[in-house]
Structures are given as C-alpha cells and as structure tokens.
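This report is a short introduction for a reader who has not met this structure before. Please look over the sequence and the model first.

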Amino acid sequence: MRKLGIIAVVFLLLGATVPGASAGDLLNYIWDTRTYQHPYPTDVQPGDLVYGHSPDLFNAIIPGYWIHVAIVAWYNESINDWMVIEAKIGKGVIISPLSEFLSRYDVVALQRVMVDDATKQRAIQFAYQQLGKPYNYNYIGKPKVYDDEYYCSQLIWAAYLVASNFQVDLDENDGAWSWTYFYSVAPQEVYDDPMTYTIYYHSA
C-alpha cells in the first residue's frame with residue numbers, strides 16, 4: 001500500500017512539473033522496458049560504484065543528474081559479467097548483472113572510492129547483508145545507517161560508512177541540510193564526494 005501511495009505521488013508530481021512524462025516512463029523505470037547500448041567497462045574492480053541517468057521521469061524528481069547508484073560486488077564467471085548490489089524501486093535490495101544495469105540508462109558512469117581493498121570488501125559485505133530488504137521511499141528524511149529498508153544511495157553511503165569505521169562519509173555535504181537534497185544522501189552527492197573519482201563514462 002505504501003508503494004502504491006508513493007507511485008500515486010509520483011504521478012501527481014509528473015502532472016504538475018513534467019507535462020511530457022507519461023505512465024510509460026514510470027513503467028520503464030521500474031521494469032526496465034527500454035534498453036540502451038554501452039561499451040562494457042574494462043577496468044572494473046569490486047567496490048566500484050556504477051551510476052545511471054534517466055532522460056525522463058525520475059530525472060525530474062530525484063535531485064542531481066544521477067538518479068541511481070549500485071556497488072560492484074564480484075565477477076560471475078558463469079555468465080561472464082560483474083554483479084552489482086542495488087536498492088531498486090519496486091524491488092528492494094537485489095543483485096543484478098552489470099550489463100543489465102548499464103542497459104537501463106542513457107548515460108552511465110563508473111567510479112572508484114579512494115579506500116583500500118579491505119574497506120571495499122567490507123562495504124560489499126555490508127551491502128550483501130541487506131539483500132531482500134524493502135526499498136526506502138523516504139527521500140527527504142535523514143537516512144539511517146542500520147535500517148530496515150534502503151534506497152540506492154543510502155545503501156552505498158551506509159556500506160562505506162560502516163566499512164571504514166565511520167571515517168568515509170560519501171554524502172558530499174556530510175548529512176547537512178540543503179534545499180536541494182534536504183537531509184537525504186542522493187546519488188549525485190555520492191558522485192560529487194571528494195572520496196570518489198570517475199574511471200568510466202558513456203552516453204548512449
């Protein structure tokens with residue numbers, strides 16, 4: 001019921017702010033009905049962060065250019081693909097192939113976090129332990145590190161915060177209030193944080 005309420009609010013926002021958006025945009029965002037082609041990144045490591053930009057619906061609602069982020073977890077030799085852990089709207093915390101993640105977005109990027117490999121592995125482990133938890137639709141409130149539900153950038157932020165013994169805060173403004181992001185941690189804030197740097201970027 002809560003999810004349906006959020007979706008209804010999204011439609012109201014669209015009607016008020018994005019006249020060109022449609023119900024099809026929402027369906028595409030949740031169920032990936034549209035695909036894009038990107039060269040597969042060659043320099044991928046566990047703990048890297050992968051971002052997606054959408055040209056329609058949620059680009060108008062989620063503040064910042066990037067609307068989604070996930071953490072690279074391990075390489076799956078059986079399908080020759082990296083696996084990523086993400087908190088996805090409508091699905092909660094799940095594991096997805098990197099190639100499938102990339103195909104959802106018209107612009108994608110890969111970043112590396114400036115920490116050692118042991119910290120990256122602990123971040124992956126934290127994210128993995130959240131698998132199956134529902135999606136957190138509270139984009140405005142102050143995010144919790146240990147929560148019963150996560151949105152995408154909240155999961156990444158919490159994973160690296162715990163993995164670094166609370167030394168690496170991937171929220172660009174370190175949890176302070178802003179009129180752009182409120183108290184939340186948005187994908188754009190993770191992307192802009194000085195502890196991350198871009199190693200791959202492609203626009204379809």
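## Terms and model

A residue is called buried when its relative accessible area is under 20%, exposed when it is over 50%, and partly exposed in between. The model is predicted.

## Helix α5

With that cut-off, the buried residues of α5 are Cys152, Ser153, Gln154, Leu155, Ile156, Trp157, Ala158, Ala159, Tyr160, Leu161 and Ala163. That is eleven of the twelve residues of α5, so this helix is mostly covered.

Helix α5 takes in residues 152-163. At 1.5 Å a residue, the expected span of its twelve residues is 16 Å, and the C-alpha atoms at its ends lie 17 Å apart, which agrees. After α5 comes Asn165, which has a positive phi, near 55°.

## Salt bridges around Arg104

The structure holds four salt bridges. In one of them, the side chain of Arg104 meets that of Glu86, at 2.6 Å from N to O. Glu86 belongs to strand β3 (residues 81-88) and Arg104 to the loop between α3 (98-103) and β5, so the salt bridge ties together parts that are 18 residues apart in sequence. Both partners are buried: Arg104 has a relative accessible area of 6%, and Glu86 has 0%.

Arg104 also meets the side chain of Glu100 in a salt bridge, with 2.8 Å from N to O. Glu100 is partly exposed, because its relative accessible area is 28%.

## The network with Arg112

Which residues are joined into one network by salt bridges that share partners? They are Asp43, Asp48 and Arg112.

Within this network, Arg112 forms a salt bridge with Asp43, and their closest N and O atoms are 3.3 Å apart. The pair links distant parts of the chain, 69 residues apart: Arg112 is in strand β5 (residues 107-113), and Asp43 is in the loop between α2 (23-31) and β1 (49-53). Is each partner buried or partly exposed? Arg112 is buried, as its relative accessible area is 7%, whereas Asp43, at 41%, counts as partly exposed.

## A nonpolar surface patch

On the surface, Trp74, Ile95 and Tyr128 form a nonpolar patch. Together these residues have about 280 Å² of accessible area. Tyr128 is located in helix α4 (residues 117-129). Its relative accessibility is 45%, so Tyr128 counts as partly exposed.

Conventions. Residues numbered from 1 in each chain as written. Predicted model: local features only at pLDDT ≥ 70, side-chain atom pairs only at ≥ 80, totals over all residues. Heavy atoms only, no water. Helix = DSSP H or I, 4+ residues; strand = E, 2+ residues; numbered from the N terminus. Expected span 1.5 Å × (residues − 1). Buried < 20%, exposed > 50% of the residue type's maximum accessible area, 1.4 Å probe, protein only. Patch = residues over 30% accessible without salt bridge, like charges linked within 9 Å, V, L, I, M, F, W, Y side chains within 5 Å. Areas by Shrake-Rupley, 256 points an atom, 1.4 Å probe, with all protein chains shown as cover.
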